[in-house]
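Work through the exercises below with the sequence and the 3D structure open. Try each task before reading its solution.

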Amino acid sequence: MSELDAALSKKRTVLNVKSIKQKSLIYALTFISGFISLGYQYFWFKSLTVTVGADLYSSSIVIAGFFLGLGLGSLYFAKEKFNNLAYYKLEFCVLLSSFLCTFVAQSLWLYLNLSEWFGIWGLGVVGISFVIPAFFMGGTLLLLIRLLSRLGGDVQKGTIYGINLFGAMFGVFLSASVLLPVFGVTNSLYLLYILNALVVGVGFLSEIKAPLSLNTSHVRGKGLPRGDLIFLYALSGFCSLSYEISWLQLLNQIMPSRSINYSLVVTVMLGGLGLGSVLGGLLNIHKKNAYRNVLIVSSLSILSPLFLILFLSTSIEQNTTTFGFDLMSSFFEMINGGYEVPFTYWQLRILEVIKYLPLVMYTVFIPSVLFGSIFPLIMKTANQNNEALDTGVLLGLNTIAGVFATILTGFILIPSLGVVNSLKFIMWMGIVVITCLYLQVKDGEKKWFISISFFSCLIVQLILPTNKTHLLLLERFDSTSTQSLFFSEGKGHSISVFQENVGNDTFKRLFVRGESNTADSMPSLRYMRLQSFLPYFVHNSEPKEALVIGLGTGITAGAFIEVESIQNVDVFELLPNMVEVAHLFEESNYGVTRHDKINIVIGDGRLQLAKTPKLYDIITLEPPPPSSAGVNNLYSDDFYKLAKTKMNQDGVLAQWFPITTQSSEASRAILNTMKHNFKFVNVWFTERYEALIIGSDQPFKGMSYDVIQAKWNKNPKIITSLMEVGIDSPVDLVATYLGSINDFEDYLNNAALITDDNALLEVDQYNLFIDDVLLTYQSFMDIFDNSESISVPEQYQLDFEFQRKLQRLLLNDAIDKNELYEFKGDPYVDALINWSIK
């Protein structure tokens with residue numbers, strides 16, 4: 001080899017290494033760009049659930065705006081005039097517009113003014129703000145592909161798209177599981193701004209080093225565009241988003257309604273799409289079979305979810321979780337130094353993911369891989385036939401079709417047909433369209449394809465039960481005597497009412513999104529009535545205006561009907577179908593839906609409170625369990641500050657305080673946040689598993705036996721109502737008093753404050769080990785023993801001590817039912833004995 005050849009070879013090697021480094025950098029930018037996009041989307045959505053409310057119309061319009069922007073951006077920047085547009089410029093536009101989007105998402109006053117000016121269209125204005133950054137995001141992938149093509153070599157678009165999806169996968173999962181609990185919403189957004197700015201800088205340097213001219217052969221073919229391929233990929237986008245909505249609603253019947261579980265579904269879906277895109281890009285497909293393979297994979301992607309749902313059951317979660325869960329638990333015990341050492345927060349968080357990951361993988365992963373492989377297969381089909389097929393047009397129409405699917409499936413199909421019938425409708429539509437496309441192909445095997453496809457559809461149509469969503473919930477109670485009374489699938493939720501038999505008792509239980517919310521059993525009846533009656537008794541006067549946030553069974557709101565002084569009760573309820581549910585509990589809620597005192601308003605409770613000009617004497621909350629998705633917004637410091645602006649001078653706020661649904665740290669935070677906002681706070685032990693916190697900025701003059709007895713005597717309906725749940729006198733009532741906030745001073749030492757931003761309850765880890773909850777009971781028992789009780793007249797002292805003995809027994813971490821026989825004859829105690837509580 002001559003010196004010249006050696007020099008040229010060395011130069012080529014250097015250039016090749018340099019090119020590899022540049023391409024690797026662009027792949028990294030592709031990943032980070034996807035991470036940032038979904039990170040922004042997640043935290044903007046979290047902000048909007050506070051500002052606009054948790055109702056599905058509000059959140060979906062904003063999400064639709066985000067994906068509409070992505071689709072429009074892909075279409076717009078697909079034009080040839082943008083072939084040499086610098087990538088970093090679009091990322092810079094994303095950064096600037098994200099500031100605006102965050103401002104809009106977190107500005108309640110702006111949304112209230114927009115609603116006043118434009119009515120329902122005010123929500124549309126908010127949605128438009130999400131279109132802007134998403135519009136620029138929609139072009140970033142295209143510019144990265146073009147940037148790669150300027151560096152030379154073969155550009156595997158499926159691989160690049162897959163890497164971008166992997167970035168999106170990590171963006172949504174780490175946002176929900178790590179960034180939110182560590183940094184909160186606002187600081188996480190600051191972190192994303194910094195990452196976005198770094199991407200702009202690195203992108204700028206990459207543009208400087210890349211050749212200026214674009215090799216357009218990597219972008220377009222020379223023939224005519226294939227309309228059928230574009231339409232087929234749009235169909236894929238429609239079906240995949242329709243299935244995502246359905247998966248979430250189905251899996252809610254098995255998994256708790258927590259944001260980390262929602263992110264788990266989206267993470268597995270994005271990961272499957274990314275893997276499918278990469279694998280599809282690696283396949284070598286013969287030109288003759290390319291189009292047929294696309295049609296076959298498209299059919300499988302549409303059919304496979306329904307066959308998997310056919311065999312979906314709670315046993316999958318139980319059987320597939322045990323090994324991995326036990327293995328990881330043992331590993332944590334080993335590194336902790338023994339089983340007696342409590343698991344850390346992050347260990348519990350990992351275990352929660354492991355608990356439900358197999359179930360999500362079974363349902364979501366395979367269809368997602370198939371959907372993801374369609375994009376590179378379509379690109380290969382077009383390239384092999386030398387046909388023009390622009391990546392931007394393909395991705396843009398796919399995304400816009402997904403927006404249409406979100407609206408059609410979420411707002412029309414599922415509420416009208418139910419989840420399973422909606423899936424069947426989408427299946428038939430997709431298979432018919434693919435069949436029509438296949439009929440245009442000269443292929444001797446198309447008869448087999450059509451026959452198998454339609455036979456598969458018929459099997460699904462006949463065998464898959466239309467009430468599969470309901471059956472998944474029923475499976476959890478197959479060992480009890482349970483009868484279904486009501487089932488409804490609405491916009492983003494399902495509601496079920498079961499009649500259960502426990503011993504000699506028969507009662508109805510309400511489930512929302514597969515999660516037990518409450519019942520009309522004796523314990524539930526007791527605490528819900530006390531949530532209305534206790535704030536009345538401790539109020540400084542005779543209250544007239546009351547508000548209940550959360551209708552549910554209607555028992556809490558209905559109890560206010562029995563209060564003589566109450567003239568009007570507003571009830572803010574998120575779910576329209578809950579009004580129909582309340583009819584099933586009329587014997588317990590005093591006909592709440594038909595009573596003149598009651599005014600039911602459908603809408604997000606917090607948003608309705610912000611909108612109302614009224615002032616209330618009593619505000620009582622009965623939300624879902626605190627750690628459920630979105631409920632943190634009704635326990636936060638920000639919420640209480642809003643509520644205080646809607647209370648009269650002597651107004652009181654009563655907050656439901658469940659004991660066993662969150663960790664001991666979260667329980668301390670719940671009470672501490674009330675203390676932080678109200679000058680005077682007291683706590684009542686309303687039932688074995690429930691407490692009630694009552695706060696006011698005025699001293700509780702009604703916190704005396706004489707005042708409570710006077711109100712008791714003038715309200716015969718309250719007397720009858722409370723006697724039904726084991727409270728026969730004012731003595732029984734004041735015996736449930738746990739203490740004032742001063743008695744909880746040591747308990748609240750270094751307790752956290754719940755805010756909208758830190759979403760402490762939403763990221764709480766509570767449901768894996770009961771030992772943590774026992775700390776709350778032990779603390780409450782100590783406070784109960786050492787607090788100053790409400791004084792009662794001497795003639796009632798023995799009765800009072802007897803009732804206090806019962807309350808102390810209920811605060812034990814374990815109850816032997818034999819100890820309860822001393823109190824037999826009390827309807828509440830009899831119910832506990834009947835349930836064989838130990």
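The model used here is predicted.

**Exercise 1. Two paired strands**

Task: Find in which sense strand β8 and strand β9 pair, and over how many bridges.

Solution. Step 1: Locate β8 at residues 616-621 and β9 at residues 647-658. Step 2: The two strands pair in the parallel sense, over 5 bridges. Step 3: For one of the bridges, start at Y616; its partner in β9 is M647. Step 4: Check how covered β9 is. Of its 12 residues, 9 are buried, so the strand is mostly covered, given that buried means under 20% relative accessible area.

**Exercise 2. An open sheet**

Task: Give the order of the 4 strands in the open sheet that contains β1, and say which strands stand at its edges.

Solution. Step 1: The order is β1-β2-β3-β4, with antiparallel pairing. Step 2: β1 (481-489) and β4 (515-519) each have a single partner strand, so each has one side without a neighbour in the sheet; these two are the edges. Step 3: Neighbouring strands of this sheet are turned against each other by 25 degrees on average, with direction ignored. Step 4: Look at β2 (residues 494-502) and β3 (residues 505-512), which pair in the antiparallel sense over 8 bridges. E500 has F507 of β3 as its bridge partner.

**Exercise 3. Two helices**

Task: Determine how helix α7 and helix α9 are arranged relative to each other.

Solution. Step 1: The axes of α7 (residues 227-251) and α9 (residues 290-310) come within 11 Å and cross at roughly 10 degrees. Step 2: Angles under 35 degrees count as roughly parallel, so α7 is roughly parallel to α9. Step 3: The crossing is left-handed. Step 4: Residues making the contact include L232, Y243 and W247 of α7 and V294, I302 and L306 of α9. Step 5: Sorted by type, the residues of this contact are 14 nonpolar, 2 polar and 1 charged.

**Exercise 4. Positive phi**

Task: Describe the place and the exposure of R513 and of N750.

Solution. Step 1: Most residues other than glycine have a negative phi. Step 2: R513 is not a glycine, yet its phi is positive, about 55 degrees. R513 lies in the loop between β3 and β4, and its relative accessibility of 23% makes it partly exposed. Step 3: N750 also has a positive phi, near 65 degrees. N750 sits in the loop between β12 (737-740) and α26 (771-786). Its relative accessible area is 69%, and exposed means over 50%, so N750 is exposed.

Terms used. Residues numbered from 1 in each chain as written. Predicted model: local features only at pLDDT ≥ 70, side-chain atom pairs only at ≥ 80, totals over all residues. Heavy atoms only, no water. Axes fitted to C-alpha atoms, helices over the stretch in contact; angles between N-to-C directions. Parallel < 35°, antiparallel > 145°, perpendicular 65-115°, else oblique. Left-handed = near helix turned anticlockwise from the far one by under 90°. Contact = heavy atoms within 4.5 Å. Nonpolar A, V, L, I, M, F, W, Y, C, P; charged D, E, K, R; others polar. Pairing = 2+ DSSP bridges. Buried < 20%, exposed > 50% of the residue type's maximum accessible area, 1.4 Å probe, protein only.
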